[in-house]
Amino acid sequence: MTNHWIDVKNADVILVMGANPAENHPISMKWIMQAREQRGAKLIVVDPRFTRTASKANIYAPMRSGADIAFLGGMINYILKNRLYFREYVANYTNAAYLVNPDFKGPGQLDGIFSGYDEKTRKYDKKTWAFQLDEKGLPKKDMTLKDPNCVFQLLRKHYSRYTLDKVSAITGTPKEKLVEVYKTYGSTGKPNRVGTELYAMGWTQHTVGTQNIKAMTIIQLLLGNIGLAGGGINALRGESNVQGSTDHALLFHLLPGYLPASKASLVDLKTYIEKLTPKTKDPKSVNWWGNRGKYITSYLKAIYGGNATKDNDFGYAYLPKLNEGQNGSWLVLFDQMFKGKFEGFFAWGQNPACSGANAGKVRKALTTLKWMVNVNLFDNETGSFWKGPDMKPQEIQTEVFQLPCSSSVEKEGSLTNSGRLAQWRYKAVEPIGEARPDSEIMNELYFRVKKLYQKQGGKFPAPIINLTWNYGEKGADGKIKKLDIHRVAKEINGYYLEDVFDKKAAPPKQIGKKGHLATNFVTLQADGTTSCGNWIYSGSYTEKEDKVINMMARRGKKDIGGLGMYPEWAWCWPVNRRILYNRASVNPDGKPWDPKRTVIKWNPNKLDPKTKKPAPGWDGDVPDGPAPPMADEKGKYPFIMRADGMGAIFGPGLADGPFPEHYEPLECPVQENPLSKKHRINPTVKLFYGTTGPHDEPKKEGGSAEDIFYSCDIRFPYVATTYRVSEHWQTGVLTRHEPWQMEMMPQQFVEIGKELAAEKGIKNGDKITVSSGRGKVWAIAMVTDRFKPFKVMNATVHQVGLPWCFGWQYPENGSGGDSANLLTPTIGDANTLIPETKAFMVNIEKA
Amino acid sequence: MSRKALVISPELCIGCRGCQTACKSWNQLSAAKTTNKGTVENPPDLTPNLYNKIRYVEVPSESNPVRWLFVSQRCMHCDDAGCMKICPAPGALFKTKEGAVGFDKEKCIGCKLCVAGCPFNIPRYDEKDKITKCNLCSDRIAEGLEPACAKTCPTGAISYGDRNSLIGKAQGAGYQKLYGEADLGGLGVLYAFKDAPKVYGMEENPAIPESVIFWHKVLKPLAYWGLGGAVVASLVHYVAFGPKKDEEVK
């Protein structure tokens, strides 16, 4: 989230698209309903299905799964055509005025692709996507936004193809609904009107997932909604600590704090820093990532301590390296496992046998393992895969170890919610039986692995045996007796390893005392004198006047301006900033666009609290840097994490295009992309099963049978999507063992429109079979008006939907059914490889 | 003490059923084995172990595929409570100082007359033939806590408090009249409806059956003259409603 949960109450218009907060994030509805009831805010819900969230909407617009970019592209077109954009914001705070290479061409000119596409590699050469530079090396601009090569005009040209008729034909959304949504959301382009967007897996789990979100950021930038209270673009995280786990580098391409993972071509630390640190020649751009060297060095010092020295490149060589182009994301991992490339697997706090896209393939992949460790509260479909449906236990050699772990209330630690708020939680009860906190399990594991490396040497023992691991008192055997989670939190925050000075000040001013906890990341150094396990969390567990303070444990209830920022409640990264890019909430003179929603404002008469001397500065939230407002001589641009300081309407960094373009899902109900004859699906996605022809049909023998897909094929004529329900948690491992939840939601179901049900002779409550190219599940038919047929390209398209919270293993009698992911395909987003489980094709038949 | 109440606002309810679970959790009620009957709503009806249930009501809508309403069903804690009127067992049903209709299983004689006396079809009987139903979390409210359902509701769709001030608040929010404001002496569970009650599946003018009122006046006093409660109960039941059948209970 750029903003935070409570902040939703400050919005004038709330667009929920790609999410279903009433069912999956019920508490968020407190703030949504507050905005609606108290501010008269309008709630817009765009969803293929009339959800519990939709039941609360002022405007509900049905849309076929997988057509989000068409829907949003139409909105961009509408905003531009009707001049609803916030011109001053767009011109000053975004790259709308930048001039792009005149050779750049878009899908309108090249029938579905941008310039630079290579069919063989399925990749773009992005040369023509670059900005034109002036003699100083800065992007050329046209502040009138009229130059035909400026981003603004290119945007206009690109989305002029997304007419109401076209968009309606693609999405199946009636035209008048489109206009109603566009008009209402477009109303937030005024300085005193703010709109927010809430999304979740409904946007990310598509072959165009990243571009779905990109399309919305374009809208938010055009309307001047980023940085403001009640605005932003807000990912509703699917688990209470997903934000925290992402921050701490759960993903393969990252190190903690969103530092890129190291790869083989980055041979030493110097190269890593040189190649990966963005540069700018613009003195007005903060370019915060210019500090990357400080953060990677401090990270190495945190994990390797005294073993990270200048002489050994701070232990950079110890970091695991990806090969060039190597991808370690979910689909690839399980594809490799399926092909027998893995020996062992830790399923830690997850249930891939139900949660993984194409779960049937995942289950088969597990059979290739020699061993598996399943760390969970309960046994699940993953741990017991070998006795699941269609398995032959006598032929499976996998040894499974079940390690019971503590639940969240049986351990202490921090938890970071979607709004980046890190809150300290305490242990309420002792773990049951032999269950232990994850950290304790890791501690045991580390001790044993280290001992093996010490004894046997191995190929490369240094990265393991040199880890600091100072998390508690050691016993005689060298093992930490009890892991102190506070020590972990302190290591994440970072320390001054020497006295640290600000060398820019004359004379140099001491900013850190040796042995003390770091104040925040501003004081971190690239010379090995500071350590920090995760720079964005620096400041979360710190020292003030020699007193150690766990900022995450704070519970102050003071607010600023009634906006619900509560700066003294716990701690929020970065540096307790509650709203990201808040410098965009003020005009170039530092005055709030909307004085009624003042996030920050420049105060020229501010006094230093200690000396009482004039010290002009910002009031309100922690600003994105202390620099004066942009119009000031020393002022800075608002988007400090971007090298050029500007919000990116034109985004040349993405794999699949600088502007989002509509492509059909791998499996869809139309034969060709209604916008271009040549490219039905995203031309840059990684294919697991080969395609052929302009319509990307499945090739003969295009891959293994498990990855087969069927598009626009009468055998699988209905669009399907998957979702969660309020009553169950993820794959249901926790909730299926909870009789109260099972009583409410006992069995796999499929929601079907009345029209389709009548066509198929299916009655409400019938047990039916839902099948796809990959597998089938039984489900109870929920025949309802909540799904209506779509009119797509003049044809009637039916959509159905089913949850993925059930599994064969529990309830034991099989009465719950099995996961909807047995149906979903093996394909992912072009940028992230997040699986496309929100749009695929199925058939339904009476069981 | 001023009378306490709940105001239930379907306009704010998101159908998450946190209240349905919180009720079970606080009151330690076991779960039934259910099946999916083609609806989100489950179990299909109140049971001895289900005091509060969200009904999912679909009504036609002009602008949307459907209008989906979520309505909590539970004891209404009537001021003029039919169940209490007809109950022949002294102390089995009683009013708490907050105005809730409480029950005492020890004193319940299992006659099920309260079922007939209730205009909302609320009381259920447990496996020992003793009455069960929502008691407004009597044990919580006696300690100044709000009922479990209200405590857990994320959107304020169930709000608990002083009955008069809740009504005032609802008026401030634009609800001229709450459902149950004046019915049956005033209900302890009020509904903020935007439409006619029947849209939400509720009866327009709930009333205690005439026969209950009659027998309340005529026969019930007999119990106090020495006839056993159970005897009176079966007599009342027979005369008023015919022979007792198990189906009636269901």
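This is a guided tour of a two-chain model, stop by stop.

The model is predicted; local features need pLDDT of at least 70, side-chain atom pairs count only at pLDDT 80 or more, and totals for chains, interfaces and linings use all residues. Residues are numbered from 1 along each chain as its sequence is written, while chains are lettered from A and ligands numbered from 1 in the order in which they are written.

**Stop 1: chain A as a whole**

Select chain A. Its C-alpha trace spans about 85 × 70 × 55 Å along the principal axes. The radius of gyration is 27 Å, which agrees with the value near 29 Å for a compact globule of 847 residues. That radius is taken over C-alpha atoms, and the globule rule is 2.2 Å times the number of residues to the power 0.38.

Colour by secondary structure. Chain A has 21 helices and 33 strands. These are DSSP runs numbered from the N terminus: helices are H or I with at least four residues, strands E with at least two.

Now colour by burial. Buried residues make up 53% of the 847 in chain A. A residue is buried if 20 or more other C-beta atoms lie within 10 Å of its own, exposed if 12 or fewer, and partly exposed in between, with C-beta atoms placed from the backbone.

Contacts come next. Two residues are in contact if their C-beta atoms, placed from the backbone, lie within 7 Å. Among chain A contacts between residues at least 6 apart in sequence, 68% join residues at least 24 apart.

**Stop 2: strand β2**

Select residues 42–46 of chain A. Five of the five residues of β2(A) are buried, so the strand is largely enclosed by the rest of the structure. Lys42(A), Ile44(A) and Val46(A) point one way; Leu43(A) and Val45(A) point the other.

Add β1 (13–17). Five bridges join β1(A) to β2(A), and the two run parallel. Strands pair if DSSP finds at least two bridges between them. Look for Leu15(A), whose bridge partner in β2(A) is Ile44(A). Then add β3 (59–61), which is parallel to β2(A) and joined to it by three bridges. Here Val46(A) partners Ala61(A).

**Stop 3: domains 1 and 4**

The domain assignment (automatic or from a database) gives chain A domain 1 (5–240), domain 2 (330–465), domain 3 (596–638) and domain 4 (691–846). Select domains 1 and 4 of chain A. Their C-alpha centres lie 28 Å apart. 23 residues of domain 1 are in contact with 29 residues of domain 4. On the domain 1 side, α1 (21–24), α7 (164–171), α9 (201–204) and α10 (209–222) of chain A each supply at least two residues. α9(A) gives the most, with three.

**Stop 4: helix α19 and a small sheet**

Select 485–493 of chain A. In α19(A), the buried residues are Ala489(A), Lys490(A), Glu491(A), Ile492(A) and Asn493(A). They pack against α13 (292–304), β13 and β19 (541–544) of chain A. Just after the helix, Gly494(A) takes a positive phi of about 105°.

Follow β13(A) into an open, antiparallel sheet of three strands, ordered β13-β14-β21. The edge strands are β13 (413–416) and β21 (571–572), each pairing on one side only. Two bridges join β14 (421–425) to β21(A). Leu421(A) has Cys572(A) as its bridge partner.

**Stop 5: chain B**

Show chain B. 26 of its residues are in contact with 32 residues of chain A. Helix α1 (18–27) of chain B supplies the largest share of the chain B side, four residues.
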